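Work through the exercises below with the sequence and the structure open. Try each task before reading its solution.

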Amino acid sequence: MTESEIEGNPEKQEGNNLKEVIFKYLPYWYYFVIAGILGMSMSYYYLWYSVPQYRIHATVLVQGEKKNPNAPTDLMKELDIFKGNKSPENEIEILKSRSVMMKALSELEFDVNYYLVGKFRKKEIYKKCPFKVKYEAVYGPAYKLLFNVSILNDAEFILSYNASDQVGAYKKKHSFGESITTPFGEFSLVKRIGADFATFDDASTTQRNFAFEFTYDEPTLSTYMSKLDAKILVRLSTVITLTIDDPVPEKGVDLLNKLIETYLKNGIDEKNKMASNTLDFIEGRLKIISTDVSEIELSVEKFKTEKGITDITAESQVFLDHVKFYDEELEKNTIQLNLI
């Protein structure tokens, strides 16, 4: 008997083993079908109901002030204003500060969340909502309610909500622009500029159910402060990269743009404040110098009158030279003041 006959055919042996495994688990085929269906259902559920997050980036260049050849640089140096060097690390802390974020949020439509309501879920749509909520102040349960809006036509809608037992449910027809009074505040719904309301007059329009909710200032501020990331990606670079993740990319873009705008405006306001303080200081010094020069000139005139001096002596000439020096300094400071 040869060696090959003893060992047998490896491929034939693997095929036999595979058949044995298949026949062994074949009676339980329905378990595999159920597991497959469950897996596909869970995947579909996750993809359908999970909220995707979008990453938005922005960059800020931190640089020194450009030198103006006509500016009174000596005066600026001595007064230590308009410093040209900025630390990127310090600017990062300013960009991530609570005050800058709060000011940026106050100028955006982040106090109300808007949704498009479908059969199975609702989707936040931000400024794509055809209407906008206007209000002076709301309180109490208003921040815990979801207000449903069903647009009937170009002019009317149905507002509904389901509050606590004390307040109860609400469902009533209103007109756009009408003031709506509730137990927790007064507000109105106005048409957003650019929205095509003519489509709602068409009975075939299906996307006419919306919702909105009021948001607390403090939780919104904390949420976006935790989302914001600012760092220097390249060593020794002065470029700061801002990053934020948000399910509505338009909100992320608006926030980063407004954040940078607020940061730059704060820098300008700070410079203007420092310049104003410096201007007040210079004006005060000029008044003192002007008073001193006037008093010296009066003293000279009085001395000459009392002594009957008609010719200028060498000593008097030196004295008058000092007066001339003060006049030149006064003129120089006036010119610098005008430049500032």
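**Exercise 1. Decide whether Tyr-126 is buried or exposed, and describe its backbone.**

Step 1. Tyr-126 has a relative accessibility of 3%, so it counts as buried. Buried means under 20% relative accessible area, exposed over 50%, and partly exposed in between, with a 1.4 Å probe and protein chains only.

Step 2. Tyr-126 sits in the loop between strand E3 (122–124) and E4. Helices (H or I, at least four residues) and strands (E, at least two) are DSSP runs, numbered from the N terminus.

Step 3. The phi of Tyr-126 is positive, about 55°, although the residue is not a glycine. Most residues other than glycine have a negative phi.

A note on the source: this is a predicted model, in which local features need pLDDT of at least 70, side-chain atom pairs count only at pLDDT 80 or more, and totals for chains, interfaces and linings use all residues. Residues are numbered from 1 along each chain as its sequence is written, and side-chain values use heavy atoms, with hydrogens and water left out.

**Exercise 2. Carry out the same analysis for Leu-236.**

Step 1. Leu-236 has a relative accessible area of 76%, so it is exposed.

Step 2. Its loop lies between strand E11 (229–231) and strand E12 (239–246).

Step 3. Leu-236 has a positive phi near 65° and is not a glycine.

**Exercise 3. Describe the open sheet that contains E4, E9 and E8.**

Step 1. The order of its three strands is E4-E9-E8, and the pairing is antiparallel. Two strands pair if DSSP finds at least two bridges between them.

Step 2. E4 and strand E8 (179–182) are the edges; each has a single partner strand, so one side of each lacks a neighbour in the sheet.

Step 3. On average, neighbouring strands here are turned by 25° against each other, direction ignored. The axes behind this angle are lines fitted to C-alpha atoms, for helices over the stretch in contact, and angles run from 0 to 180 degrees between N-to-C directions.

Step 4. Antiparallel E8 and E9 are joined by four bridges. Thr-182 has Gly-185 in E9 as its bridge partner.

**Exercise 4. Place Ser-179 in this sheet and list what it touches.**

Step 1. Ser-179 belongs to strand E8, and its relative accessibility of 41% makes it partly exposed.

Step 2. Leaving out residues up to four places away in sequence, Ser-179 touches Glu-186, Phe-187 and Ser-188. Contact means heavy atoms within 4.5 Å.

Step 3. Ser-179 and Leu-189 are 10 residues apart in sequence, and their C-alpha atoms are 8.0 Å apart in space.

**Exercise 5. Which residues have the most contacts inside the largest nonpolar core?**

Step 1. A nonpolar core is a set of buried Ala, Val, Leu, Ile, Met, Phe, Trp, Tyr and Cys residues joined through side-chain atoms within 4.5 Å.

Step 2. The largest one has 28 residues, and Phe-131, Leu-189 and Phe-212 have the most contacts inside it.

Step 3. Strands that each supply at least two residues of this core include E4 (131–138), E9 (185–191) and E10 (209–214).

Step 4. Another core, of 26 residues, lies apart from it; Leu-105, Val-248, Leu-256 and Tyr-263 are among its members.

Step 5. Beyond four places in sequence, the contacts of Leu-189 include Phe-131, Val-149, Phe-176 and Phe-212.
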